[in-house]
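Biologist: Let us go through this model together. I will ask how each label is earned.

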Amino acid sequence: MTIPRPSLDRAAELREEPDLLDRLRDDPATRVVVVREGRVRVVDSALLRVPPAAVVEATWALLGRDADGSVLLLAAAPPESDALDAAPDEIWLGLRDLGGRIDGRESELLISAIALAGWLRDAPFCPTCGGGTELRQGGWSRRCLVCGREHFPRTDPAVIVAVESRDGERLLLGANANWGGRMYSCFAGFTEAGESLEATVHREIEEESGVRLSSLRYISSQAWPFPRSLMIGFRAVVDDESAARADGEEIIEVRWFTRAEIGSALAGHGPVGLPGPASIARALIVDWYEGRA
């Protein structure tokens with residue numbers, strides 16, 4: 001469903017080298033991926049790589065090594081930056097825009113770049129004392145200049161669950177209030193402090209859809225940089241199908257879908273909209289649909 005093993009060489013052994021970023025920015029062989037407001041430049045279904053000299057203003061970090069062995073840097077550009085303005089064969093796109101248009105390696109690079117750029121932009125100060133920080137480890141940590149604490153990019157675990165009937169022939173999906181009832185998806189929620197992933201699944205499903213689960217199993221995971229989530233995907237089987245009901249707040253409607261209805265929706269023919277191809281939610285739905293189709 002998602003990338004089975006890392007395809008991006010993150011070159012972690014380089015991160016402690018002194019003056020690493022300055023040295024790499026002076027190296028004409030270095031290549032740079034520019035992120036601005038969660039979007040990148042794309043050419044021919046690949047992220048655009050540019051030489052460091054092409055970037056006017058940015059916060060820098062090490063992304064890793066490219067497939068050809070060249071070093072890749074991240075340039076997190078401010079929103080008002082005019083670096084790499086529009087050209088006829090290039091556009092700025094985000095993760096949702098790209099969907100399934102790029103392969104697994106480019107997708108991993110894209111998600112890593114967006115996630116790290118978001119942290120570089122949003123966490124310049126120490127969360128403990130409020131002091132200013134300096135970047136370390138090639139942009140992957142910050143040290144507070146006041147209290148000396150070290151901080152790292154944050155990742156928030158969240159579960160996302162495809163809930164099926166006891167006979168495996170129907171799928172329970174919910175319509176989130178933020179979507180205005182136009183789209184149905186798997187149920188999801190963040191893990192709370194002191195809670196296991198399994199406990200999160202049981203709690204979130206009962207809270208959002210009213211059903212209790214008789215079994216669940218892990219399927220796959222997906223990093224989701226909006227702003228810093230790790231989506232952990234499960235499939236689960238309900239105990240009592242008749243108990244399904246929406247919580248009326250976050251989820252405004254729940255509905256059981258037959259396999260034929262899911263197949264029609266995946267083909268774009270209705271009866272409802274489903275999540276886009278960039279999301280693990282769609283992958284979970286496809287996994288269920290194709291498992292016994």
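Biologist: Which residue stands opposite Val-163 in E14?

Modeller: Ala-236 does. Bear in mind that this is a predicted model. Val-163 and Ala-236 face each other across E10, residues 156-164, and E14, residues 229-238.

Biologist: What makes E10 and E14 a pair?

Modeller: Pairing needs at least two bridges between the strands. E10 and E14 have nine, in the parallel sense. The pair therefore meets the criterion.

Biologist: How do you know that E10 and E11 pair?

Modeller: Two bridges join E10 to E11, residues 170-176. The cut-off is at least two, so E10 and E11 count as paired. These strands run antiparallel. Glu-164 stands opposite Leu-171 in E11. The hairpin of E10 and E11 has five residues between the strands, and Gly-168 there takes a positive phi near 75°.

Biologist: What joins E10 to E12?

Modeller: Four bridges, with E10 and E12 running antiparallel. E12 covers residues 187-190. The bridge partner of Val-159 in E12 is Gly-189.

Biologist: How covered is E10?

Modeller: Mostly covered: eight of its nine residues are buried. Buried means under 20% relative accessible area.

Biologist: Why is Ser-279 called buried?

Modeller: Its relative accessible area is 16%. The limit for buried is under 20%, so Ser-279 qualifies. Ser-279 sits in the loop between H5 (259-266) and H6 (280-292).

Biologist: What does the side chain of Ser-279 reach?

Modeller: The backbone oxygen of Gly-276, at 3.0 Å. A polar contact has its N or O atoms within 3.5 Å, so the distance fits. Leaving aside neighbours within four places in sequence, Ser-279 is also in contact with Gln-222 and Trp-224.

Biologist: Why is Asp-44 called exposed, and Ser-45 partly exposed?

Modeller: Asp-44 has a relative accessible area of 73%. Exposed means over 50%, so the label holds for Asp-44. Ser-45 has 43%. That value falls between the 20% and 50% limits, so Ser-45 is partly exposed. Asp-44 lies in the loop between E2 (39-43) and E3 (46-47), and Ser-45 is in the loop between E2 and E3 too.

Biologist: What is phi for Asp-44 and for Ser-45?

Modeller: Asp-44 has a positive phi of about 55° although it is not a glycine. For Ser-45, phi is near 65°, again positive in a residue other than glycine.

Biologist: What makes E7 and E9 edge strands?

Modeller: Each pairs on one side only. The open sheet has the order E7-E8-E9, with antiparallel pairing. Two bridges join E8 (residues 141-144) to E9, and Arg-143 stands opposite Glu-150 in E9.

Biologist: Which peptide bonds are cis?

Modeller: One joins Phe-226 and Pro-227, with omega about -5°. Another joins Gly-270 and Pro-271, with omega about 15°. Pro-227 is in the loop between E13 and E14; Pro-271 is in the loop between H5 and H6.

Biologist: How much space lies in the second largest pocket, and which residues are closest to its centre?

Modeller: About 700 Å³. Of the 31 lining residues, the closest to the centre are Ile-160, Trp-179, Ser-185, Trp-224 and Met-231. Among the elements giving two or more residues to the lining are E10, E12, E14 and H6. E12 gives the most, with four. By class, the lining has 17 nonpolar, ten polar and four charged residues.

Note on methods: Residues are numbered from 1 along each chain as its sequence is written. This is a predicted model: local features need pLDDT of at least 70, side-chain atom pairs count only at pLDDT 80 or more; totals for chains, interfaces and linings use all residues. Side-chain values use heavy atoms; hydrogens and water are left out. Buried means under 20% relative accessible area, exposed over 50%, partly exposed in between (1.4 Å probe, protein chains only). A polar contact is a pair of N or O atoms within 3.5 Å; within protein, one must be able to donate a hydrogen and the other to accept it, and residues adjacent in sequence count only if both atoms are side-chain atoms. Contact means heavy atoms within 4.5 Å. On a 1 Å grid over the protein atoms alone, a cavity is a set of points where a 1.4 Å probe fits but cannot get out, and a pocket is an open set with protein on both sides within 12 Å along at least five of seven lines; lining residues have an atom within 4 Å of a point. Grid points are joined across faces, edges and corners, and a volume is the space filled by probe spheres set on the points. Ala, Val, Leu, Ile, Met, Phe, Trp, Tyr, Cys and Pro count as nonpolar, Asp, Glu, Lys and Arg as charged, and the others, Gly among them, as polar.
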